[in-house]
Amino acid sequence: MAAFGTVFTPEMIISRFNDNSWSTPEMVASDSIKLHPGAHVLHYSSTCFEGLKAFRHADGGVYMFRMEKNVARLQQSSKLLALPQFEAAMLSQMILDMVKRFAADVPTPPGSMYIRPTHIGTEASIGKAAAPSLESLLYVLLSPVGDYFAGGSKALRLLLEDNARCASHMGMVKSGGNYASALQPIMQARATVQADQVLFCPNGDVQETGAANFLLIDGNEIITKALDSSFLHGITRDSILTLARDRGMVVSERELTVDELLERAQKPGAEAALSGTAAVLTPVGTLIHAGKEYTVGSGGAGTTTNALRQALNDIQWGKAEDKHSWLTKVC
Ligand SMILES: Cc1ncc(COP(=O)(O)O)c(C=O)c1O
């Protein structure tokens, strides 16, 4: 099985922003963009992207999960990066057209079609370190993906890192630079303590990992950091919290310190998990901090984590009622 995100459909849909207007979206070969080496994105990182999924139901229909949330987040990222603004309706239609065109390639569960809308600043100007790109390119790539949990959902090892993942006003922007600044800490954590991921906790504030949000489950309570500009406002996080409320759980969106996390995580029955479009809800079994290892609850996948992941998958896969109208039918 090819690695996640390495297989692409032969075409993508693109629209260009030039002279203050967007071109009519068109289908082009997926490997066909032409970029000036002085393009703003290549020097000043004017890039943002999204990740969402389309699922095939048992009746053959294809459905997208919470597309409008991802479209709104890309609009917000574009605004914070001073990239040209676009209408939500335009990008939604581009995504719909793409998924419809390649509907036959949408895998059956547990596989799905991963959708990657991307927006980059293309103006050829190496003198714009402190000025926005007046030209841009918006495109939608598709990548059929398999089961992220093939081989079982092993509980992860996380290294708690005192530094921030990125600049504190940029965390809510889904931008390449944030991933670049998190790369070395993640590589070091893998090499030194065999951690799977880094949980960024600047000044003891438990934020998120390199590509997922963090949730602590203690009995009937689920605790996660309240939304602010320092981390990505995950759509899976929002969905899991909604499903937790539906089940009568107490949802606490507030500050969580490293001290409180380490104390509560060691209680019998405690669970921790990462939420994200790719990871869905992945259990965390071990926290590593200041040279010590702390086992979360039993150290394996918790029952609440499994139940919440199943509840989310059941909606995505058309096996449970879509009470919150999260699905958009493509065809
Ligand atoms: C840094 C970061 N945090 C959180 C998430 C989870 O966001 P979502 O649930 O919208 O996929 C992601 C993945 O997209 C991410 O890259």
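This report covers the ligand site, the salt bridges and two backbone features of a predicted model.

**Ligand site**

The ligand sits in the largest pocket. Two elements each give two or more residues to the shell around the ligand: helix 5, spanning 235–246, and strand 14, spanning 271–276. In total, 17 residues surround the ligand. The closest of these are Lys 174, Tyr 179, Glu 208, Thr 236 and Thr 277. By residue class, the shell holds eight polar, five nonpolar and four charged residues.

Three of the closest residues, Tyr 179, Thr 236 and Thr 277, are listed below with the distance from a polar side-chain atom to an oxygen atom of the ligand.

| Residue | Side-chain atom | Ligand atom | Distance |
|---|---|---|---|
| Tyr 179 | N or O | oxygen | 2.5 Å |
| Thr 236 | N or O | oxygen | 2.6 Å |
| Thr 277 | polar atom | oxygen | 2.6 Å |

The protein buries 96% of the 380 Å² that the ligand exposes when taken alone.

**Salt bridges**

Side chains of opposite charge can pair when their charged atoms come close. Across the whole structure, a search finds 17 salt bridges. One of them joins Arg 101 to Glu 11, with 2.6 Å between the closest N and O atoms. This pair links distant parts of the chain, as the two residues are 90 residues apart. Arg 101 belongs to helix 3, which covers residues 88–101, while Glu 11 belongs to strand 1, which covers residues 11–18.

**Backbone features**

Most peptide bonds are trans, and most residues other than glycine have a negative phi. Two places in this model depart from that pattern. The peptide bond between Pro 109 and Pro 110 is cis, with an omega of about 10°. Pro 110 is found in the loop that runs between helix 3 and strand 7, the latter spanning 112–121.

The other place is Ala 82, which is not a glycine and yet has a positive phi of about 60°. Ala 82 is located in the loop between helix 2, spanning 67–80, and helix 3. Helix 3 thus borders the loop of Ala 82 and the loop of Pro 110, and Arg 101 of the salt bridge with Glu 11 is also in helix 3.

Note on methods
Residues numbered from 1 in each chain as written. Predicted model: local features only at pLDDT ≥ 70, side-chain atom pairs only at ≥ 80, totals over all residues. Heavy atoms only, no water. Near = heavy atom within 4 Å. Polar contact = N/O pair within 3.5 Å; in protein donor to acceptor, adjacent residues only side chain to side chain. Areas by Shrake-Rupley, 256 points an atom, 1.4 Å probe, with all protein chains shown as cover. 1 Å grid on protein atoms, 1.4 Å probe; cavity = no way out; pocket = protein on both sides within 12 Å on 5 of 7 lines; lining within 4 Å. Sits in = over half its atoms within 2 Å of the grid points. Helix = DSSP H or I, 4+ residues; strand = E, 2+ residues; numbered from the N terminus. Nonpolar A, V, L, I, M, F, W, Y, C, P; charged D, E, K, R; others polar. Salt bridge = Lys/Arg side-chain N within 4 Å of Asp/Glu carboxyl O.
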